[in-house]
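Please keep the model open in a viewer while reading, with selections by residue number at hand. The stops below are meant to be visited in order.

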Amino acid sequence: MDVEERAARVLREVFGYSDFRGRQREIIEHLIAGGDALVLMPTGGGKSLCYQIPAMVREGMGVVVSPLIALMQDQVAALREAGARAAALNSSMSWPEIAAVERRARAGELDLLYVAPERLLSERCLALLDAAPLALFAIDEAHCVSQWGHDFRPEYIELAMLAERYGRVPRIALTATADAVTRKEIIERLRLREARVFVSSFDRPNIRYRIAEKDSARKQLLKFIRAEHSGECGIVYCLTRASVEETAQFLAQNDVPAQPYHAGLDSRTREKNQARFIREDGLVMVATIAFGMGIDKPDVRFVAHLDLPKSIEGYYQETGRAGRDGLPADAWMVYGLADVVQQRRMIDQSEADDEYKRIATAKLDALLGLCETTQCRRVRLLDYFGEASVACGNCDNCLEPPEEWDGTIAAQKLLSCVARCQAASGFTFGAQHTIDILRGNRTPKVAQFRHERLSTFGVGADLDVAQWRSVLRQLAMMRLVHVDLERYSVLRLTPASREVLRGERRVLLRRLTDRPAANRSRRRVDRSRAIPVEPLAGEMDQGLYQALRSWRLEIAREHRVPAYTIFHDATLEEIARRKPRSTDELRSIPGIGAAKLERYGGTLLQLVEGAR
Ligand code: ADP
Ligand code: ZN
């Protein structure tokens with residue numbers, strides 16, 4: 001049997017899939033032939049198979065370097081469930097356990113061995129590898145070698161020694177970080193100059209991007225979860241530890257099972273919360289960005305941002321944790337004026353040099369551009385990574401195109417109101433007061449400063465408060481007005497404001513809409529073409545689906561593994577849709593390999609039979 005056939009056979013029999021995805025086939029064949037590779041593929045793109053299959057096809061054992069011990073165990077569990085010969089070596093294991101794994105490695109009984117980088121570099125481990133035939137080295141999360149990234153791990157740099165000591169063993173480095181600087185660093189530091197580079201599209205077609213204006217963030221979040229994700233698993237990102245705690249509490253009080261995660265919690269609590277999140281169905285993790293690297297839970301159905309990330313890279317990475325299984329998932333964010341002002345202030349007040357501040361400001365502005373655009377979000381996002389695309393049909397702007405309106409006159413009213421307040425009183429005021437004057441509200445403060453006599457008093461009664469806030473936020477984004485957080489958030493004119501006041505600049509604004517929750521059809525997505533495909537024929541039997549899920553939970557508890565290592569949601573959905581009657585029909589369902597068919601096939605058919 002030739003190499004191609006052997007790889008396809010492992011894909012089918014071990015993993016239960018009929019086709020390779022994206023560039024998997026090319027990468028796998030290149031590795032089996034003994035080449036080195038650098039693989040850049042988005043989260044959920046299917047990186048693991050790129051080394052798991054060659055490790056099973058080639059002679060000897062594949063050594064996988066992975067930085068997160070807590071997650072290694074789950075990967076090994078998933079492989080074992082599929083009937084593969086896999087094990088891990090890490091510091092959470094007892095000596096007899098370690099000795100047993102080492103014995104199996106020496107005896108050639110392992111296809112895959114997962115190790116943390118510091119352990120791999122130990123004399124004991126290197127001696128073990130010297131003695132065993134090796135199929136390949138896979139260096140996962142390879143961006144950890146980058147000193148500029150926030151996941152930097154010093155041990156990763158020392159992995160360069162593998163190039164010399166095991167010169168004939170192919171190496172594959174993998175990452176979901178897209179940018180060119182990191183790529184160059186990986187190649188140099190890991191000595192992968194001869195490696196072939198495989199760059200995949202960074203599109204995640206099954207993720208629906210939605211960005212809305214913040215009015216009361218937690219309530220908006222609750223409404224979103226209740227309407228679209230009740231009982232499902234998700235991640236909510238907040239900027240500060242305090243808001244993480246408060247949001248987790250708020251959700252829990254409102255019957256959404258939620259727990260916090262941030263660097264201020266002790267490591268045991270963090271580990272416990274993380275383990276619960278991975279193992280349980282339907283839990284919401286409220287976290288700072290300290291949470292997430294290496295989390296490969298496939299069924300995270302939404303990622304919500306209650307605060308702005310710092311850059312598009314951050315936004316992409318965090319939202320990328322949704323929908324690894326390819327089923328529809330939401331990236332949902334709300335943002336408001338205060339977020340923008342706060343982020344700008346954090347940059348201004350940081351200790352860093354001007355060059356850093358300049359870059360940080362440019363990154364933030366690119367993100368704000370994504371927030372404010374009336375065009376397809378995905379086009380904008382991919383364009384940032386240098387990838388051209390066309391309107392996606394699966395983001396808020398595509399689904400319900402926002403209206404643009406000419407806000408020049410509104411902007412002039414607002415800016416001249418700011419200017420007149422200052423001229424009349426000698427200082428400027430905050431948003432609320434300015435809007436009160438525009439709308440002609442006779443508040444005590446208006447009376448105190450006799451602002452009802454300003455020529456701008458009442459000239460803006462045509463817009464309501466929310467609309468004025470939206471105008472103000474957009475002007476602030478465009479730097480047409482400055483919000484001075486240091487001084488009671490007063491508004492000030494900027495050099496660019498004058499251009500608007502003099503009528504030299506037209507201001508196009510996006511209309512404030514209270515968007516109803518986008519219609520959530522469970523659409524299937526053809527990942528190879530990045531076009532959402534209409535639902536497959538045949539509705540899913542909900543009762544059967546729930547029965548399959550409870551059965552899966554029982555088995556997962558019994559085996560002490562996360563539920564998704566038994567079967568993915570996608571596999572259970574397909575069973576509930578097709579209702580197979582025979583082992584052969586069952587075999588054709590994606591995600592059921594030979595080992596699982598043998599172990600669970602009978603039970604699955606009984607469950608289906610019971611639902612007829
Ligand atoms: P990554 O490491 O790139 O984030 P994974 O390797 O965890 O992604 O794969 C993401 C999901 O896609 C997994 O659930 C995996 O089982 C599934 N998958 C990978 N390759 C295929 C394929 N060829 N066909 C179907 N599903 C696949
Ligand atoms: Zn779109």
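Which polar backbone atom is 2.8 Å from an oxygen atom of ligand 1? Selecting lysine 47 together with ligand 1 gives the answer, since the 2.8 Å separation runs from the ligand oxygen to a polar backbone atom of that residue. This is a predicted model, and every distance quoted on the tour should be read as a value computed from its atoms.

**Stop 1: around ligand 1**

Keep ligand 1 selected and add glycine 46, where a polar backbone atom is 3.1 Å from an oxygen atom of the ligand. Then add glutamine 24, which contributes through its side chain instead: one of its polar side-chain atoms lies 3.0 Å from a nitrogen atom of ligand 1. With the ligand still in view, note that the protein covers 85% of the 570 Å² of accessible area that ligand 1 has on its own.

Next, widen the selection to the shell of 15 residues around ligand 1, of which Tyr17, Gly44, Ser48, Arg324 and His568 come nearest. Colouring this shell by class gives four nonpolar, seven polar and four charged residues. Helix α3, residues 47-57, supplies the largest share of the shell, with three residues.

**Stop 2: tyrosine 17**

From that shell, select tyrosine 17, which is one of the residues that come nearest to ligand 1 and which lies in the loop between α1 (3-13) and α2 (24-32). Tyrosine 17 is partly exposed, its relative accessible area being 30%. Adding isoleucine 589 shows a pairing across the sequence: the two C-alpha atoms are separated by 8.0 Å, although the residues are 572 apart along the chain.

**Stop 3: the zinc ion**

Now move to the zinc ion, ligand 2, and select Cys376, Cys392, Cys395 and Cys398, whose SG atoms are its protein donors at 2.3 to 2.4 Å. Why is the arrangement tetrahedral? The four donor atoms subtend angles of 101 to 118° around the zinc ion, and therefore the arrangement is tetrahedral. Along the chain, the donors follow the spacing C-x15-C-x2-C-x2-C.

Within this site, cysteine 376 and cysteine 395 link distant parts of the chain, 19 residues apart. Cysteine 376 sits in the loop between α16 (354-372) and α17 (377-384), whereas cysteine 395 sits in the loop between α17 and α18 (396-399). Cysteine 376 is buried at a relative accessible area of 8%, and cysteine 395 is likewise buried, with a value of 0%.

**Stop 4: two backbone angles**

Most residues other than glycine have a negative phi. With that in mind, select glutamate 141, which has a positive phi of about 50° although it is not a glycine. Glutamate 141 is placed in the loop between β5 (134-139) and α8 (154-158), and it is buried, with a relative accessible area of 18%.

Then select aspartate 255, another residue that is not a glycine, with a positive phi of about 65°. Aspartate 255 belongs to the loop between α12 (241-253) and β10 (258-261). Is aspartate 255 buried or exposed? Its relative accessible area of 70% makes aspartate 255 exposed.

**Stop 5: isoleucine 186**

Finish on helix α10, residues 180-189, by selecting isoleucine 186. This residue counts as buried, at 0% relative accessibility. Adding proline 590, which is 404 residues away along the chain, gives a C-alpha separation of 34 Å from isoleucine 186.

How values were computed:
Residues numbered from 1 in each chain as written. Chains lettered and ligands numbered in written order. Predicted model: local features only at pLDDT ≥ 70, side-chain atom pairs only at ≥ 80, totals over all residues. Heavy atoms only, no water. Near = heavy atom within 4 Å. Polar contact = N/O pair within 3.5 Å; in protein donor to acceptor, adjacent residues only side chain to side chain. Areas by Shrake-Rupley, 256 points an atom, 1.4 Å probe, with all protein chains shown as cover. Helix = DSSP H or I, 4+ residues; strand = E, 2+ residues; numbered from the N terminus. Nonpolar A, V, L, I, M, F, W, Y, C, P; charged D, E, K, R; others polar. Donors = N, O, S within 2.8 Å, 3.2 Å for Na, K, Ca; no water. Tetrahedral: all angles 85-135°; square planar, octahedral: opposite > 155°, others 65-115°. Buried < 20%, exposed > 50% of the residue type's maximum accessible area, 1.4 Å probe, protein only.
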